[in-house]
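Please read this briefing alongside the sequence and the 3D model.

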Amino acid sequence: MKLRSISIAFIILFAFSKANAQNVDLFSEQSFDQSPDITTGTFKSTRVVNGQSIENVGTGVLDFRISHRFGALSQGGYNLFGLDQATMRLGLDYGLFNRLTVGIGRSTYEKQYDAFLKFRIIRQQDGQKFIPFSVSYVVSSMYKSLKPLPTTYNPYISDKFSFAHQLLIASKINDYFSIQLSPILVHYNLVDSVQIPNDFKSLGISSRIRISKRVNITSEYFYRFDKLSGYYNPLSFGVDIETGGHVFQLHVSNSNGMTERTFINETTGTWSKNDLCFGFNITRAFIIRKPREFREARW
């Protein structure tokens, strides 16, 4: 059943690709008036593995994203080392303006809906106006629609929401190496007891190493300053492969969540116990509006 869902995902992606034969760069000149001094290609995708990267979707470009996470390798041969279990997220990211990307998604994991805004505050650039790093702000909301177990408390809709605020501070050191720091605050509207805080602070560190023009090695790690008992810090490694309008991201992680709340705060697996999950992300970019149509709305 799970393998069939993967096949369906590839069929959908192939159909979309045939419908739009033109290869579209995901960042497809993010700015129609962009200075040649502006640094581009800090990362190959808008996500490093699970976490947001500094990259924005190009103006007028729609990024259709399929994310798959399998079960832990430690489950052994009976569950085909995790391949019998899978969760999926379907997402749409759209470049409204030069510096602003909006996105929505739906995950089978805890039946979550999510939405985010990503705004580029500072752009790295060379030349006379030298700026050695880029800064973006991301705000996201998550809604857990999974039905709760019967209790004496009937939760309000607002209780099922959580939110995340993060700054992305990234620098493309050279063509072969990029690094990013991500201070993050995750807020739960409702927690299990009064002893548990509603706000959780963490710091992410991500990197990209270029192997060839179209292949990059990525990594990300999130250290939690405020911790929920029974959960662990997520560590992930991946390979990005760019093929025209597609970006394939293959990775291994001890987390199978795909929202900030789940992969940062609620990772149940550890590398030491071989609780590793194989996964992949596939993106397909489509030009919805050409940049010249936004000339009256420059940022």
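The notes below cover confidence, strands, aromatic pairs and empty space.

This is a predicted model, in which local features need pLDDT of at least 70, side-chain atom pairs count only at pLDDT 80 or more, and totals for chains, interfaces and linings use all residues. Residues are numbered from 1 along each chain as its sequence is written, and side-chain values use heavy atoms, with hydrogens and water left out.

**Confidence**

- The chain has a mean pLDDT (the predictor's confidence in each residue, from 0 to 100) of 83, and 80% of its residues reach 70 or more.
- Over residues 29–33 pLDDT stays under 50, and the model has 15 contacts (heavy atoms within 4.5 Å) for them beyond four places in sequence.
- Residues 294–299 also stay under 50 in pLDDT, with 15 contacts beyond four places in sequence.
- Where pLDDT is low, the predicted coordinates should not be read in detail.

**Strands**

- Strands are DSSP runs (E, at least two residues) numbered from the N terminus, and two of them pair if DSSP finds at least two bridges between them.
- Strand β3 (residues 100–107) runs antiparallel to strand β4 (residues 112–122), with eight bridges joining them; Leu 100 has Phe 119 in β4 as its bridge partner.
- Four residues separate β3 and β4 in a hairpin, and Glu 110 in the turn has a positive phi of about 60 degrees.
- β4 is also joined to strand β5 (residues 134–144) by 10 bridges, again antiparallel; Ala 115 is partnered by Ser 141 in β5.

**Aromatic pairs**

- There are eight aromatic pairs in the structure, counted where ring centres of Phe, Tyr or Trp (its six-membered ring) lie within 6.5 Å; planes under 30 degrees apart are stacked, over 60 edge-to-face and the rest tilted.
- Phe 70 and Phe 278 have ring centres 6.0 Å apart and planes at 10 degrees, so this pair is stacked.
- Because Phe 70 lies in strand β1 (residues 61–72) and Phe 278 in strand β12 (residues 277–287), the pair ties together parts that are 208 residues apart in sequence.

**Pocket**

- On a 1 Å grid over the protein atoms alone, a pocket is an open set of points with protein on both sides within 12 Å along at least five of seven lines, and lining residues have an atom within 4 Å of a point.
- The largest pocket has a volume (the space filled by probe spheres set on the grid points, which are joined across faces, edges and corners) of about 790 Å³.
- It is lined by 25 residues, of which Lys 144, Asp 159, Leu 190, Asp 192 and Arg 261 are the closest to its centre.

Conventions
1 Å grid on protein atoms, 1.4 Å probe; cavity = no way out; pocket = protein on both sides within 12 Å on 5 of 7 lines; lining within 4 Å.
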